[in-house]
Amino acid sequence: MLSIDTTRKLSFNRSISNGDLVIVYERHDNMKAVTVSEGSVLQNRFGVFKHADWIGKSFGSKVFSNKGGFVYLLAPTPELWTLVLSHRTQILYIADISFVVMYLEIVPGCVVLESGTGSGSLSTSLARAVAPTGHVYTFDFHEQRAESARDDFERIGLSSLVTVGVRDIQGEGFPEEFAGLADAVFLDLPQPWLAIPSAAKMLRHDGTLCSFSPCIEQVQRSCETMQSNFTDIRTFEVLLRTYEVREGKTESKEINGNGSNGSLPCKRRQCSDGANLLSYPNSSVMARPSGEARGHTGYLTFARCLS
Amino acid sequence: MSSENNNNNKSRMTWEGCSVLLDINDGDRLVFARLSPAAKLKIGNKNCSLQPLIGCPFGTVFQLDSSSDAAAFLSPFQSKGSVNNTEEIKDGQFQVESKDGQPSGESKDNRSLIDNNTAQSLTGEDIEDMRRQGAKGNEIIEALIANSATFDKKTSFSQEKYRLKKQKKYAPKVLIRRPVARSICEAYFKKYPLKIGFLRVDTLSLLLSMANVSSNSDILVVDMVGGLLTGAVAERLGGTGFVCNSYLGQAPSMDIVRIFNLSDEICKRIVRTSVSDLLSQKESPEQNPKHDVGSLESQSNDQMNASVSMEEISHSSENVISDVGAENAENSSFPALRACKAIKAGEKASQEMIDSWKENGFSSLIIAAPDLDTWTLVKDLLPLLSNSAPFAIYHQYLQPLATCMHNLQLEKMAIGLQITEPWLREYQVLPSRTHPCMQMSAFGGYILSGTKISSS
């Protein structure tokens with residue numbers, strides 16, 4: 001997914017090979033991750049797609065099924081991965097992820113500590129931000145989930161950037177070996193205040209901390225705990241609103257018009273009460289907000305370490 | 001030359017010649033400055049040297065000491081006991097404790113406090129006398145509190161507000177912040193948003209994610225937001241790949257890039273070229289008659305840029321520092337700039353590079369050009385991207401993005417198209433006083449994002 005080798009640019013002009021991970025795009029809200037395998041097929045409502053047909057095509061190509069239906073094959077990115085990964089836990093989405101990476105001031109070369117790993121949605125974006133010389137150390141207390149995360153990172157080619165550990169950060173804190181080495185720490189835990197003192201030990205001076213909590217009571221308790229070792233404590237909510245766009249063919253109607261807009265084509269209709277109705281078709285692109293929106297994910301609390 | 005060059009943007013200590021963001025009195029005033037022994041900062045009516053700020057950790061707080069009649073100076077602020085003591089109030093987050101640790105002041109209210117300006121018995125002259133006798137700022141503040149008839153009747157929250165107000169006036173604090181994408185964007189958005197096209201920090205962060213900005217990528221950028229976008233992309237590239245800053249006609253300002261403290265290695269990765277050069281079919285842009293005007297303009301502009309920066313060095317003294325927002329009054333570029341870098345960001349892209357991009361395509365495209373028509377720009381630039389490359393376009397207005405999205409769908413140039421509007425709200429979190437902040441940014445722009453599909 002990411003190009004760690006300096007000599008090989010992140011260029012998607014190369015063709016799809018056997019073993020590549022592709023994102024199969026059926027519709028904007030229907031995508032899945034597929035590892036290309038010479039003898040396999042993909043079966044969906046559009047028909048049967050042979051993987052063999054995909055090999056040699058470029059990313060971004062349209063490919064057809066036996067029934068003439070089609071899908072697109074996209075190159076994986078952390079954004080697409082977040083939308084297709086299997087949810088073992090509730091995950092973070094792009095609005096929170098992008099804000100966290102910017103606000104924690106993560107750049108290539110940084111060392112980042114994370115707990116819990118969950119389904120690895122944020123970890124993938126953290127890896128992108130620290131590549132090629134930094135590293136992400138992520139911890140989860142659930143052994144099976146940690147293993148699934150390791151498998152995922154292997155599949156998307158991030159194993160050299162992300163190390164998954166099984167550890168109860170709330171109970172034990174982060175490992176001593178990282179003390180003073182972390183540029184940033186991210187917490188997504190039920191009781192983050194238990195991990196905050198340890199986070200303070202891990203961070204370099206002026207390092208950044210972020211705690212993500214769905215409930216305001218958790219936020220209050222976390223902020224209180226941060227007072228001892230942190231400054232610049234700020235709490236935010238980020239959300240996204242999407243818009244729908246369509247070509248609107250509306251009609252403006254004029255009753256009893258003389259057709260003074262003579263140049264425009266219009267229809268004249270006789271109404272039942274004898275009045276004449278002129279209609280002028282308009283065609284324009286219109287946008288309006290979507291009706292559905294995510295109302296809340298969690299509160300993001302950021303702070304800087306003083307050590 | 002600083003020895004910190006190879007790790008500039010991650011260095012935790014200031015150095016001579018580095019760029020800093022000075023946060024005066026908790027965000028009341030924000031100043032970008034370049035540290036040198038001769039640099040000065042005007043606070044109130046005092047001119048202080050910034051020399052003490054060189055060689056200390058980012059995040060250090062200094063306080064103005066004006067006790068002597070000689071030049072006022074900044075000294076490191078020593079906080080006693082807990083860091084967030086009762087004197088520091090940031091955005092409403094502070095600790096309120098009385099001596100026994102219980103929150104105090106719950107039983108007091110303001111029913112008997114009359115606002116008629118008679119509560120303070122110290123006069124302005126009294127204060128001046130104190131100052132001349134060598135009283136430090138904090139001593140003056142304590143004296144004001146002691147001489148206030150109403151202070152004890154206030155609630156503890158109110159007392160803290162009073163104390164803070166006096167502190168800001170008599171003992172102002174200066175916090176040294178590291179200039180990185182986040183702090184630079186926030187400072188400009190707060191004080192001079194027009195310069196950055198009202199690009200809010202969460203919107204900027206979305207652009208970087210949606211366009212998959214990462215190391216070893218070649219990113220095509222149209223930046224008409226003062227260079228903020230270019231700098232933020234370069235920061236995330238970290239010295240690998242390239243950010244190609246492309247423009248129509250005259251090259252727009254890229255001042256803000258210089259505030260970032262980018263290392264030489266990262267600066268080398270920022271190159272510029274006109275859109276016409278990128279699109280031209282011939283080998284060398286000079287030989288192409290159709291695009292001559294564009295390339296001539298860009299060449300003469302480069303020369304102009306070079307001569308402008310020379311003037312800055314000779315004319316402006318290093319003492320001149322500009323507040324964020326005051327720049328437009330003087331000249332449009334960042335004053336007090338000494339060309340300490342051997343490598344200047346924004347060198348013209350070589351023909352080799354351009355040819356290689358034409359062959360391999362760019363990894364992604366980001367546009368932040370609030371004054372340009374989106375569709376005409378995207379129509380020309382999208383074919384320059386690799387297959388399956390993502391793109392993100394920022395605009396303040398919805399209509400140009402809607403039209404562009406519609407046309408991209410009709411022409412089947414991209415999929416996964418989406419127009420999003422980010423929403424950001426900050427909270428005040430305090431015991432018994434947690435609520436969203438009273439002030440809020442209502443608008444941070446719109447983003448059109450998508451993925452380019454293969455045309456074959």
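**Cores, a buried glutamate and free cysteines**

Modeller: In this predicted model, the largest nonpolar core has 96 residues, and those that touch the most other members are F99(A), I106(A), F302(A), L228(B), L229(B), V233(B) and I366(B).

Biologist: What makes you place this core between domain 1 (2-80) and domain 2 (181-452) of chain B?

Modeller: Residues of the core come from both of these domains of chain B, so the core lies between them. A second core lies apart from it, with 39 residues that include F242(B), I367(B), F391(B) and L448(B).

Biologist: Which residues is V233(B) in contact with, leaving aside its neighbours within four places in sequence?

Modeller: With contact taken as heavy atoms within 4.5 Å, V233(B) meets L208(B), V213(B), I219(B), V221(B), V243(B) and I366(B). As a general background, nonpolar side chains in soluble globular proteins tend to be buried together.

Biologist: Why is E105(A) called buried?

Modeller: The relative accessible area of E105(A) is 10%, and buried means under 20%, so E105(A) is counted as buried. E105(A) is placed in the loop between α3 (94-103) and β7 (111-115) of chain A.

Biologist: What makes the pairing of the side chains of E105(A) and R178(B) a polar contact?

Modeller: The two side chains are joined at 3.0 Å, where the cut-off for a pair of N or O atoms is 3.5 Å, provided that one can donate a hydrogen and the other accept it. The side chain of E105(A) also makes a polar contact with that of R304(A), again at 3.0 Å. Beyond four places in sequence, the residues that E105(A) touches include C110(A), T208(A), V180(B) and R182(B).

Biologist: How do you know that C305(A) is not bonded to C210(A)?

Modeller: A disulfide needs two cysteine sulfur atoms within 2.5 Å, whereas the sulfur of C305(A) is 14 Å from the closest cysteine sulfur, that of C210(A), and this is too far for a bond. C305(A) is also buried, because its relative accessibility is 1%, against a limit of 20%.

Biologist: What is the case for C244(B)?

Modeller: C244(B) is in no disulfide, since the nearest cysteine sulfur, in C267(B), is 16 Å away, against a cut-off of 2.5 Å. With a relative accessibility of 0%, C244(B) counts as buried. Over all chains, the structure holds zero disulfides.

Biologist: Which residues of helix α2 (residues 137-146) of chain B are buried?

Modeller: They are G137(B), I140(B), I141(B), A143(B), L144(B) and I145(B), and what covers them includes α1 (124-132) and α3 (156-170) of chain B.

Note on methods: Residues are numbered from 1 along each chain as its sequence is written. Chains are lettered from A and ligands numbered from 1 in the order in which they are written. This is a predicted model: local features need pLDDT of at least 70, side-chain atom pairs count only at pLDDT 80 or more; totals for chains, interfaces and linings use all residues. Side-chain values use heavy atoms; hydrogens and water are left out. Helices (H or I, at least four residues) and strands (E, at least two) are DSSP runs, numbered from the N terminus. Buried means under 20% relative accessible area, exposed over 50%, partly exposed in between (1.4 Å probe, protein chains only). A nonpolar core is a set of buried Ala, Val, Leu, Ile, Met, Phe, Trp, Tyr and Cys residues joined through side-chain atoms within 4.5 Å. Domain bounds come from an automatic or database domain assignment.
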